[in-house]
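Colleague: I would like a close look at one part of this protein. Please start with a single loop, then tell me how it fits into the rest.

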Amino acid sequence: MKQGLRFWPLVAAIYFCVCGGPYGLEEVVKSGPGMAIFLILLMPLVWAIPAALMTAELTSAIPAEGGYYVWVRRAMGPFWGFLCGWWTWVYTWVDVAIYPVMFATYVQTLLRLFGYGAAFDDRPWLRWGVGMAIIVPLTWLNIRGVKVVGKTAVGFFALLLIPFVILVALGLPAFLSHPETAITPRYVGKSAYEAFTAGLFLVMWNYLGWDSMSTIAGEVEDPKKAFPRALALGVPLVTLTYLIPVLVGLAFLRDPAAWTEGAWTEVARRIGGSPLAIAVAFGGIISAAGLFSSTLLAGSRVPFVIAEDNVLPRALTRVHSRYGTPWVAILVSAVFYSVFSFGKLSDLAEVDVVIYSAGLFLETIALLVLRYREPELPRPYRIPGGWPGVIVLALAPKVILVAAIVAQVQGEDGRKTLLVTAVALLSGPVVWYSRKLTHMKIARASEP
């Protein structure tokens, strides 16, 4: 299955696993402009950088197909390795399902610019059908292999970046003349704490996924060097992708309540008129496609590797005779994404963050265990600061996650979301012991 993904396609794929442009970030501004900027700057420090540094060290030390699943299995044993792999696969069901929702949102926005957006009103099935329009071709693209997905990711990156470069270039003078439009708190009837917690999950979602591409390490050229370099470039690239357009946008769309899904087209219209609004809406469609394709690439390798260990059905290990890709695992993943795509972005994001964090917690434990048990393991990249640095890195994401969950359980909708998340997490042990029981029955039946 080795195809040799090169450095820049890897950077683009990591970018889309995490970001895909500022699309999906709009509702964070409802927390207040100043708080939105604060959250955008805080999350790299306590959430993104720890995950990226951990991924850089473990991928350079163990550049295996399956990534985080292999790390946790090696450090903690098959059961915990399976839980990490299963939970992160389940997280991709929710995560990738968000992108057809985004795709449909920006198709509707684009149609509205031409006077046809009302066709979606009161027709959720139509929005779902439009979202499905990206699943089939991008699933086929994934079956074609990592090189095709990587080259496409580079093209998608350029197409979504161009409208925002123009938006920033045209709008930056207005922001520089009135920078207070972005730093004024304006919590809109909220306390500072309420404003902080209101946008927390959505910003966390926009900064997660740094470990995703570790699952294809076996298909990357020189992964021991490529991953640390790509991650080091990715964190500031993603941060600037969020920060600069929001700063400029706030100079033109000052009402926080107006920052809803699709607000970037209104910002673009005010800065550059209808042509720029159309370009930004089209960029949203491209963003959703890039996010879906790259995350499907990363997520589909997890069931494939777990099935190779005979924990999931062996059918998931089938490789395409021509392209050498795990086509059954890709198709099964795409089916789950289709089912979950019938939902709201904000609801999906909350579930997404908690499930992802469960897997990230096990990865962090694996980092600590491997540092202790295998100190001589070659690590081309090593997290600086020794044990104090590693411990601080391990604790920072947990602190911010606890703050987000505490805020969430205070509302009825949040408690329902956590209940759904708990069921998803419990499915891991259920599947593990069910498979073990099945294997035991088969073994007994085969005895003479």
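What relative accessibility does Asn310 have, and what does Asn310 count as?

Modeller: Keep in mind that this is a predicted model. Asn310 has a relative accessibility of 36% and counts as partly exposed. The cut-offs explain why: buried means under 20%, exposed means over 50%, and partly exposed is in between.

Now place the residue. Asn310 sits in the loop between H11 and H12. Its backbone has a feature to look for. Asn310 is not a glycine, yet its phi is positive, at about 65°.

Move along the loop to Thr317. Thr317 also belongs to the stretch between helix H11 (263–308) and helix H12 (327–340). Thr317 has a relative accessible area of 17%, so it counts as buried. Look at what surrounds it. Beyond its neighbours within four places in sequence, Thr317 is in contact with Phe304, Ala307 and Glu308. Those three numbers fall inside the range 263–308 of helix H11. The side chain of Thr317 also has a polar partner. One of its polar atoms lies 2.6 Å from the backbone oxygen of Arg314.

Helix H11 leads us to another loop. Thr215 is in the loop between helix H9 (200–206) and helix H10 (223–250). Its relative accessible area is 0%, so Thr215 is buried. Its contacts beyond four places in sequence fall into two groups. One group includes Ala298, Arg301 and Val302. The other includes Glu65, Gly66, Gly67 and Tyr68. Thr215 has polar links too. The backbone oxygen of Ala298 is 2.7 Å from a polar atom of the Thr215 side chain. The backbone oxygen of Ser212 is 3.1 Å from a polar atom of that side chain.

Compare Thr215 with Asp222, which is in the loop between H9 and H10 as well. Thr215 is buried, but Asp222 has 45% relative accessibility and counts as partly exposed. Asp222 has a positive phi of about 45° although it is not a glycine. You have already met a positive phi at Asn310.

Next, follow Thr215 to helix H3. The C-alpha atoms of Thr215 and Tyr69 are 8.0 Å apart, although 146 residues separate them along the chain. Helix H3 covers residues 68–76, and its buried residues are Tyr68, Tyr69, Val70, Trp71, Val72 and Ala75. Just after H3 comes Gly77, with a positive phi of about 105°.

Trp71 takes us on to helix H2. Thr59 lies in H2 and touches Trp71, Ser214, Ala217 and Phe227, leaving out residues up to four places away in sequence. Thr59 has 0% relative accessibility, so it counts as buried. Its side chain reaches the backbone oxygen of Thr55 at 2.7 Å. A rule about helices helps here. An α-helix has 3.6 residues a turn, so residues three or four places apart point the same way. Thr59 has a distant partner along the chain as well. Thr59 and Pro228 are 169 residues apart in sequence, but their C-alpha atoms are 8.1 Å apart.

Stay in H2, which runs over residues 33–61 and holds Glu57. With a relative accessible area of 1%, Glu57 is buried. Glu57 touches Leu367, Arg371, Arg379, Tyr381, Arg382 and Ile383, not counting residues up to four places away in sequence.

Here is a contrast in spacing. Gly386 is in helix H14 (residues 386–408). Gly386 and Val353 are 33 residues apart in sequence, and their C-alpha atoms are 28 Å apart. Gly386 is partly exposed, at 35% relative accessibility.

Now step back to the whole protein. It has 15 helices and zero strands. Of its 448 residues, 58% count as buried. Among contacts with a separation of 6 or more, 83% join residues 24 or more positions apart. The Thr215 contact with Val302 is one of the pairs you have just seen. The radius of gyration is 22 Å, which agrees with the value near 22 Å for a compact globule of 448 residues. Along the principal axes, the C-alpha atoms fill a box of roughly 80 × 50 × 45 Å.

Finish with the surface and the charges. The accessible surface is about 17,800 Å², and 68% of it belongs to carbon and sulfur atoms. There are 35 positive and 27 negative side chains, with the centres of the two sets 6 Å apart.

Notes. Residues are numbered from 1 along each chain as its sequence is written. This is a predicted model: local features need pLDDT of at least 70, side-chain atom pairs count only at pLDDT 80 or more; totals for chains, interfaces and linings use all residues. Side-chain values use heavy atoms; hydrogens and water are left out. Helices (H or I, at least four residues) and strands (E, at least two) are DSSP runs, numbered from the N terminus. The radius of gyration is taken over C-alpha atoms; the globule rule is 2.2 Å times the number of residues to the power 0.38. Buried means under 20% relative accessible area, exposed over 50%, partly exposed in between (1.4 Å probe, protein chains only). Contact means heavy atoms within 4.5 Å. Accessible areas come from the Shrake-Rupley method with a 1.4 Å probe; for residues, only the protein chains shown count as cover. Lys and Arg count as positive and Asp and Glu as negative; His and the chain ends are not counted. The place of a charge is taken as NZ of Lys, CZ of Arg, CG of Asp or CD of Glu. A polar contact is a pair of N or O atoms within 3.5 Å; within protein, one must be able to donate a hydrogen and the other to accept it, and residues adjacent in sequence count only if both atoms are side-chain atoms.
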